[in-house]
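Please walk through this structure from a helix pair outward to whole-chain figures and single residues.

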There are 2 protein chains.
Amino acid sequence: MARILAARAQAAGPGARLPGSRALIREFAVSATTIQQALDRLVQDGVVVTRPGAGTFVAARREPEPSDTRWQDVTLQASPVDTTGLDLALRTGEPDLLPMAVGYPSSDLGGDLPLSAALARAARRPGVWDPPPVLGLPSLRSWFGQQIGVSPDNIIVTPGTQSALSTIFRAIVPAGESILFATPTYPGALAIARSAGQVAVPVPGDEDGLRPDLLERALERTQARVLYLQPTFANPDGNVLSAERRRKVLDVAARHGLFVVEDDWARWLGHGDPIPPPLIRDDPNGHVITVCSLTKAGAPGLRIGAIAARGQVAARLAALRMVDDFFVSGPLQHAAIDVVTSTAWAGHVRRTAAALGARVNRLTAELRSALPDFTFVPPRGGLSIWLELPAGLDEDALVRAAREQGLAVGPGRDYSIGDHPSGHLRLSFANLTEHQLPDAVARLGAARAAVQA
Amino acid sequence: MARILAARAQAAGPGARLPGSRALIREFAVSATTIQQALDRLVQDGVVVTRPGAGTFVAARREPEPSDTRWQDVTLQASPVDTTGLDLALRTGEPDLLPMAVGYPSSDLGGDLPLSAALARAARRPGVWDPPPVLGLPSLRSWFGQQIGVSPDNIIVTPGTQSALSTIFRAIVPAGESILFATPTYPGALAIARSAGQVAVPVPGDEDGLRPDLLERALERTQARVLYLQPTFANPDGNVLSAERRRKVLDVAARHGLFVVEDDWARWLGHGDPIPPPLIRDDPNGHVITVCSLTKAGAPGLRIGAIAARGQVAARLAALRMVDDFFVSGPLQHAAIDVVTSTAWAGHVRRTAAALGARVNRLTAELRSALPDFTFVPPRGGLSIWLELPAGLDEDALVRAAREQGLAVGPGRDYSIGDHPSGHLRLSFANLTEHQLPDAVARLGAARAAVQA
């Protein structure tokens, strides 16, 4: 029906009025619901516009670009904005493409959360559309405080992790200065630093996580104020900072007056084993600033996260958060506290862990059988495997060949800092079912064969 | 009931388990609903926590601040973050204080919008929690495009105006460079520029709006890339850029390669007369970047706005928008398009105009009668009057004295750039009913008498 009406709209031309619903119902002998759904669809697609009381009209044709914007090149100069790796991670599924590059779990991962009911309930709360407290709802600050292990007073509610990291980096580090990144690292954090004119400096790790000797050397060289770190189930390699390294990193931080930004993104994405507590719990003196969010374990559209910070820095972060976009929408905050305190939450987290664990086991087995000369450490949390390519196999060529086989994978270079190829791929199992994994590995094998042919 | 349970929780101490709902129902002989509402309240307030399957427990006491965060002073140094004027504009009502400093209209201004029903409907859409397109829903881009007068391709959906301005300023202007502001101006925009390390440069206007001769001189002096301007119903003075000035400003922009950031914040807040079209419609060559939002005419919690930009700059803005926080929550976008295309929207905008017009007329009459030596130009749109104080009357003293009389007003200096006192107050009539206005003016009169005594 929508297609028929769209054709008629096109024929009628911009500005023409469509017949009313009753006339359309008569003409096509279909129900009012069918007509309404078709019209809704055309409104959504921008084909027609409704003017209340007047009717439905064919939308204006898209205008051509203005005549001369070349002057903008001179004013804009080179762009500071860097989105490397983000496009791929945010792209939703294309037909016939297995998405192993995306950053969000499929929405059914842990079974349905009663999110929609919670939001509908939130929508009916009196005053819910008024500005909530700038730092967030007390109940939500209290819940995040309990999860992270700090007082509610130390919590700032944010619209997710990306925004939280942006606020933190810009509040503490002036443009032109260095920020240290435990590598491999998350491209979203790199994009924030680079887009703010900051210099990203790599600090590599090993199987126990970030190397304190290299952290110390990087600090002597750069005098950086901030280290960005994912101590628990790092993206992309699933690495967990060992107990000894936790002490050593905090020791270095204390000696150098360093802030450690702990991106605790995978707090509810363990695969079943006990999950180490947030690093901030080991830190008595306000060095660690922790961020976490409900966008992964809850839903991408539940753009609710939190910053935990202690000491003077908390006031500065709260101030910049307000400047950045005032406050987080009340209905979303109410829906979030409703869902995480519901009886469904614990089961959802448990099922998510079980589903991720099953996927990792299957993917590990498939990779070891089909691609035995590729190496990796199976992660115990998070959404991805960090796959090391055999020596001599070209990363970029493999990414391109995989795409030709209908498989999207994350290029290792997007997760690295430096001028050598990383020799890795990031394989996300967040958006594939367990049963799609053998096919995905087979496509990767075919891609490898194509590169080597 | 909540108070009784809170007292019991306090007596029981942190970690103690509260009796189950049934026991409480028996003990207090009240309904299950009463108990549930009381417990919900305590959870919201952070007094107790519920652990699904285990029961309700008294929440842990708030921890003391960590022992030593003085090292942070050395690392943080002076704060770049500036929130002047924002605190006051976001503060919600305090008892016995007439709020003439807030920035949002009271939620009943234009009568009820069916926002909650729209959000409940949005919550039930399949896939609504998945990531929407990074630039926004096509339907919403199309609607904003029609309102502003550009193609939907030129629209980027944002979570309100504040976030949009932050993206624009940081995308175009490096830290340390100047941004021009038509003064008096909006403190939120000043806060963004200053917090990003940019230098705010004033360009004064007169009754026809921004003075092109001073714009030209400011450009020669600073080589600025961006002018921030509210051509239609400027905050705080309600000024409208005249037709001749529109041409002249665009002419200066063309000659200097200048971006004009048009903050079209009051698009749906006219008081009844025809509203001039957005400045971007007069600009063929991509100089004007327009922002507008639904947070004022819709509701503060409906954090949906738009950027309209043409030429190469649009891609840079879209890239930084993605880096800043990925995308705007799907349910809010769907609720927004639902409401603005509903039959209720036009009536809501009309009633808002009528209510604002009635308030301005009343406030104008009261001020002229009670404070004849204060001067102002009655605005034909927007939410505030820019009141010039009689010579010699101290602005800061008057603000303090008004507060003692139970009246919050905006200090003129928050809306100014420079080192002299502005000699103005901003009086917002957005959050007072027409009938509260005489009382507000009487309190201002009493404050003036107190200052002069």
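In this predicted model, helix α14(B) passes α16(B) in a right-handed crossing. The two helices span residues 344-370 and 437-452 of chain B. Their axes come within 9 Å and cross at roughly 30 degrees. On the α14(B) side, the contact is made by Arg359(B), Arg362(B), Leu363(B), Glu366(B), Leu367(B) and Ala370(B). On the α16(B) side, Leu437(B), Pro438(B), Val441(B) and Leu444(B) take part. By class, seven of these residues are nonpolar and three are charged. The contact has no polar residues.

Beyond α14 in chain B comes Arg380(B). Arg380(B) sits in the loop between α14 and β12, where β12 covers residues 384-388 of chain B. Its relative accessible area is 47%, so Arg380(B) ranks as partly exposed, a class that lies between the 20% and 50% limits. Leaving aside neighbours within four places in sequence, Arg380(B) is in contact with Phe233(B), Val240(B), Gly270(B), His271(B) and Asp273(B). Take Ala120(B) as a distant reference point: Arg380(B) and Ala120(B) are 260 residues apart in sequence, and their C-alpha atoms are 36 Å apart in space.

Now turn to Trp268(B). This residue is found in the loop between β9 (259-263) and β10 (288-293) of chain B. Is Trp268(B) buried or exposed? Its relative accessible area is 8%, and buried means under 20%, so Trp268(B) is buried. What does Trp268(B) touch, not counting residues up to four places away in sequence? Its contacts include Trp143(B), Phe144(B) and Gln147(B). They also include Cys292(B), Ser293(B), Leu294(B) and Ala297(B). Trp345(B), Val349(B) and Thr352(B) complete the set. Asp112(B) lies 156 residues from Trp268(B) along the chain, with 16 Å between the two C-alpha atoms.

Asp325(B) brings in the other chain. Asp325(B) is found in helix α12 of chain B, residues 312-325. With a relative accessibility of 6%, Asp325(B) counts as buried. Set aside neighbours within four places in sequence, and Asp325(B) is in contact with Pro159(A), Gln162(A), Ser163(A) and Arg303(A) from chain A. Pro159(B) is in contact with Asp325(B) as well.

Next, chain A as a whole. There are 16 helices and 14 strands in chain A. The radius of gyration is 25 Å, close to the 22 Å that the globule rule gives for 453 residues, so chain A is as compact as a globular protein of that length. Along the principal axes, the C-alpha atoms of chain A fill a box of roughly 75 × 60 × 55 Å. Of the 453 residues, 60% count as buried. Consider contacts in chain A between residues at least 6 apart in sequence: 74% of them join residues at least 24 apart. The chain exposes about 17400 Å², and carbon and sulfur atoms supply 51% of that area.

Why is helix α13 of chain A largely enclosed by the rest of the structure? The helix spans residues 330-340, and 10 of its 11 residues are buried, so the rest of the structure largely encloses it. The buried residues of α13(A) include Gly330(A), Pro331(A), Leu332(A), Gln333(A) and His334(A). Ala335(A), Ala336(A), Ile337(A), Val339(A) and Val340(A) are also buried.

Some backbone details remain. A cis peptide bond joins Thr183(A) and Pro184(A), with omega about -5 degrees. Pro184(A) is found in the loop between β5 (178-183) and α9 (187-195) of chain A. In chain B, the peptide bond from Asn235(B) to Pro236(B) is cis, with omega near 15 degrees. Pro236(B) is in the loop between β8 (226-229) and α11 (243-256) of chain B.

Positive phi values also appear in residues other than glycine. Phi of Gln223(A) is near 55 degrees. Gln223(A) has its place in the loop between α10 (212-222) and β8 (226-229) of chain A. With a relative accessible area of 62%, Gln223(A) is exposed. Phi of Ala29(B) is near 55 degrees. Ala29(B) lies in the loop between α2 (21-28) and α3 (32-44) of chain B. At 67% relative accessibility, Ala29(B) counts as exposed.

Key: Residues are numbered from 1 along each chain as its sequence is written. Chains are lettered from A and ligands numbered from 1 in the order in which they are written. This is a predicted model: local features need pLDDT of at least 70, side-chain atom pairs count only at pLDDT 80 or more; totals for chains, interfaces and linings use all residues. Side-chain values use heavy atoms; hydrogens and water are left out. Axes are lines fitted to C-alpha atoms, for helices over the stretch in contact, and angles run from 0 to 180 degrees between N-to-C directions. Helices (H or I, at least four residues) and strands (E, at least two) are DSSP runs, numbered from the N terminus. A crossing is left-handed if the near helix is turned anticlockwise from the far one by less than a right angle, and right-handed if clockwise. Contact means heavy atoms within 4.5 Å. Ala, Val, Leu, Ile, Met, Phe, Trp, Tyr, Cys and Pro count as nonpolar, Asp, Glu, Lys and Arg as charged, and the others, Gly among them, as polar. The radius of gyration is taken over C-alpha atoms; the globule rule is 2.2 Å times the number of residues to the power 0.38. Buried means under 20% relative accessible area, exposed over 50%, partly exposed in between (1.4 Å probe, protein chains only). Accessible areas come from the Shrake-Rupley method with a 1.4 Å probe; for residues, only the protein chains shown count as cover.
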